Amino acid sequence: MSTLATRRSNLRISDFVLEIILLVIVVLLAFSAPGFASWDNFMNILRSAATTGVIAFGMTFVIILGEIDLSVGSAVAFFGCLLALITQSMSDAGYSVELAIALGTLACLAVAICAGMFTGWIRHRLAVPTFITTLAWMAAFRGGAYLLTGSFPITPYPDWFFFFGAGFIGGIPFQAVVFLIVFVVTWFISKYTVFGKSVYAIGGNAEAARLSGINVAKVRMAVMALTTVLAVVAGIMVSSQIQAGNPTVGVSWEFTVISACVIGGVSLMGGKGRIWGTFVGVLFLEIILNGMTLLNIDEYWQYVARALLILGAVLIYQLQAVSRATR
């Protein structure tokens with residue numbers, strides 16, 4: 001039997017349960033929610049999914065590694081405020097706003113890489129779970145955002161900066177373009193690079209991965225840095241959209257991001273998960289939210305419905321895992 005035929009024989013319809021459920025929901029909403037089945041609404045869904053989606057792709061690597069990052073929501077606020085403060089300070093000092101934004105972005109990326117690598121280093125050298133370290137980062141980033149801004153939004157940006165949050169390329173929102181590019185890049189990394197395979201190996205068994213020659217410390221630091229860098233990207237898009245650095249943005253985003261990963265089948269035990277699954281999980285949450293809003297469902301019932309859907313998705317994947325183990 002050829003390799004292609006073998007792969008096809010291994011594919012089962014139960015492996016696409018989430019995609020099938022999502023398709024059914026889209027069809028139902030197309031007939032019941034006014035304005036759902038329109039190009040503008042689909043673009044709006046992609047744009048809304050972009051900010052948490054780009055972080056979710058990084059979080060997928062973190063969870064496959066067997067870790068959790070709770071700081072991403074606060075990181076979005078902190079880096080948005082840091083960029084705004086640098087831009088405002090340099091502009092007031094007489095530098096061009098373009099140079100200020102460019103240097104501010106580089107400064108944010110440098111801080112993000114250092115913070116992420118420090119988290120990975122702490123995990124490797126002192127065996128402190130990233131759950132604890134990033135919990136501290138969550139408080140530090142949020143507090144830092146308030147300290148940088150004095151608790152008030154900073155608005156130093158020119159009109160052209162609005163493009164990164166609300167511009168269009170060929171009729172497609174720029175945020176959606178960034179979302180799709182990050183999806184393709186992270187999908188490629190997870191499938192076809194040594195780094196991606198190392199993440200799976202460490203998540204499955206860190207000691208076995210170390211004995212096979214994988215530099216566990218470097219991979220952990222790189223993964224944590226990648227997620228924080230993607231939080232910078234999300235922070236820039238949010239700052240552009242609201243034209244300000246605001247310390248109140250990103251509250252509870254970490255739970256949305258982790259929910260998207262779990263819905264997409266990423267195992268919280270580590271070693272298993274797909275970028276494609278996270279992509280579908282992000283769209284799943286956004287389409288449900290969009291549909292319920294168009295149907296004028298009460299906001300509090302939306303929370304309940306989303307919680308039940310997340311629980312249902314987790315149960316489905318758990319049942320699938322048990323089924324695969326007994327084949």
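In this predicted model, the side chain of Ser198 lies 2.7 Å from the backbone oxygen of Val194. Ser198 belongs to helix H9, which spans residues 194–204. With a relative accessibility of 8%, Ser198 is classed as buried, because the cut-off for that class is under 20%. When neighbours within four places in sequence are set aside, Ser198 is in contact with Ile214 and Val219.

Ser198 is one of the buried residues of H9, a set completed by Gly196, Val199, Ile202 and Gly203. Viewed down the axis of H9, these buried residues fall within an arc of 160°, and they therefore line one face of the helix. Residues three or four places apart in an α-helix point the same way, because there are 3.6 residues a turn. Val194, Lys197 and Gly204 are exposed on the other side of H9. The buried residues of H9 pack against four helices: H3 (39–64), H8 (174–192), H10 (206–211) and H11.

Helix H3 also takes part in the largest nonpolar core, to which H3 gives the most, with 14 residues. This core comprises 87 residues, and those with the most contacts inside it are Ile55, Met59, Val76, Phe79, Phe179 and Ile287. For Ile55, residues up to four places away in sequence were not counted; the residues that Ile55 touches are then Val72, Val76, Thr227, Leu230, Ala231, Ala234, Trp253 and Val257.

The loop between H3 and helix H4 (72–92) contains Glu67. Glu67 counts as buried, at 7% relative accessibility. Its side chain forms a polar contact of 2.8 Å with the side chain of Arg123. A polar contact of 2.9 Å also links the side chains of Glu67 and Thr130. Beyond its neighbours within four places in sequence, Glu67 is in contact with Val62, Arg123, Thr130 and Arg220.

The second largest pocket has a volume of about 540 Å³. Its lining consists of 20 residues, of which Trp253, Thr256, Glu286, Leu289 and Arg306 are the closest to the pocket centre. Trp253 is also among the residues touched by Ile55. At least two residues of the lining come from each of H3, H11, H12, H13 and H14. The greatest contribution to the lining of this pocket is made by H14, with six residues.

Two loop residues were examined for their backbone conformation. Most residues other than glycine have a negative phi. Ser252, which is not a glycine, has a positive phi, near 70°. Ser252 is placed in the loop between helix H11 (216–242) and helix H12 (253–263). Its relative accessibility of 35% makes Ser252 partly exposed. Asn296 likewise has a positive phi, of about 60°, although it is not a glycine. The loop that holds Asn296 lies between helix H13 (275–294) and helix H14 (299–325). Asn296 is exposed, its relative accessible area being 69%.

Technical notes
Residues numbered from 1 in each chain as written. Predicted model: local features only at pLDDT ≥ 70, side-chain atom pairs only at ≥ 80, totals over all residues. Heavy atoms only, no water. Buried < 20%, exposed > 50% of the residue type's maximum accessible area, 1.4 Å probe, protein only. Polar contact = N/O pair within 3.5 Å; in protein donor to acceptor, adjacent residues only side chain to side chain. Contact = heavy atoms within 4.5 Å. Arc of directions from axis to C-beta. Core = buried A, V, L, I, M, F, W, Y, C linked by side-chain atoms within 4.5 Å. 1 Å grid on protein atoms, 1.4 Å probe; cavity = no way out; pocket = protein on both sides within 12 Å on 5 of 7 lines; lining within 4 Å. Points joined across faces, edges and corners; volume = space filled by probe spheres on them.
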